[in-house]
Amino acid sequence: MNHPNGCQLILALDVENREAALMTLKSLGDSIDWVKIGLQLFTACGPDIVREIHELGYRIFLDLKLHDIPNTVAKAVQSISALPVELLTLHASGGAEMIDWANQARKDHAPELNLLAVTVLTSMNDAQLKHLNVLRSVKAQVQHLADLSLQAGAQGLVCSPLELASLRSRFGNDPVLVTPGIRPQGSDNDEQKRIMTPAIAAATGSNFIVVGRPILRADNAAAAARAIRNELA
Ligand code: C5P
């Protein structure tokens, strides 16, 4: 992807239906540019919500974390190419062939799309990996899946902010690194454990920070979003 200058804010629009989505965006106006649509909203509203939010002037990160046989994922990427989406997630654990097929479909049908590989979900720990018979640590598995994904053609990675420094030093400036787990100073951590402030994530090499509840729950959501963007600038 042509890297934007600096680090941009993406709102995680984790709401339950179209009405809530539109009301939230109305209160945010132009205080945000990017919206992440995840499984909750997408499964409730379908692809029309992607078009509708884009028509309001927002850029779209579609967080569907695709994981299936290569042919099915490639066909899903082809379907998504009809939507105004710039960032799309898929699971690195689907394997190199799946990512390669997805990337071929991207090149053929949606050259402007960026595929972001999700390595190890941050809800997993070493014990849970062991349960899956993955005997290395989370850290080693993240690195392994990051290598595999980028070699197979993914344009970037979703990672914990605490992994930014090591991934940047391993892969240089090229991959797009997208980080959730961001909390402005003084805001509630919720269940996020491995967090970083917007300014530190940006300085450590994040291209996009994903923020949900600190904006969605603020008394003045637009002011909260603007404060985060000021911190990034
Ligand atoms: O509300 P909060 O700022 O914690 O939202 C973060 C968003 O990023 C949510 O949509 C969550 O699903 C997503 N996410 C995450 N951790 C990951 C990957 C995605 O929190 N490792």
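This dialogue explains how to read the ligand site and the aromatic pairing of the structure.

Visitor: What kind of model is this?

Guide: This is a predicted model, in which local features need pLDDT of at least 70, side-chain atom pairs count only at pLDDT 80 or more, and totals for chains, interfaces and linings use all residues. Residues are numbered from 1 along each chain as its sequence is written, and side-chain values use heavy atoms, with hydrogens and water left out.

Visitor: Which residues surround the ligand?

Guide: A residue is near a molecule if one of its heavy atoms lies within 4 Å of it. Here the surrounding residues include Ala 12, Asp 14, Lys 36, Thr 122, Arg 183, Gln 192 and Gly 212.

Visitor: Which polar side chains or backbone atoms approach the ligand?

Guide: A polar contact is a pair of N or O atoms within 3.5 Å. A side-chain N or O atom of Asp 14 is 2.7 Å from a ligand oxygen. For Thr 122, a polar side-chain atom lies 2.8 Å from a ligand nitrogen, while Gly 212 places a backbone N or O atom 2.8 Å from a ligand oxygen.

Visitor: How much of the ligand does the protein bury?

Guide: Accessible areas come from the Shrake-Rupley method with a 1.4 Å probe. The ligand taken alone exposes 460 Å², of which the protein buries 81%.

Visitor: How are the rings of Trp 34 and Phe 208 arranged?

Guide: Rings of Phe, Tyr and Trp (its six-membered ring) pair if their centres lie within 6.5 Å; planes under 30 degrees apart count as stacked, over 60 as edge-to-face and the rest as tilted. The count is 1 aromatic pair. The centres of Trp 34 and Phe 208 are 5.1 Å apart with planes at 75°, so the pair is edge-to-face.

Definitions and conventions. A polar contact is a pair of N or O atoms within 3.5 Å; within protein, one must be able to donate a hydrogen and the other to accept it, and residues adjacent in sequence count only if both atoms are side-chain atoms.
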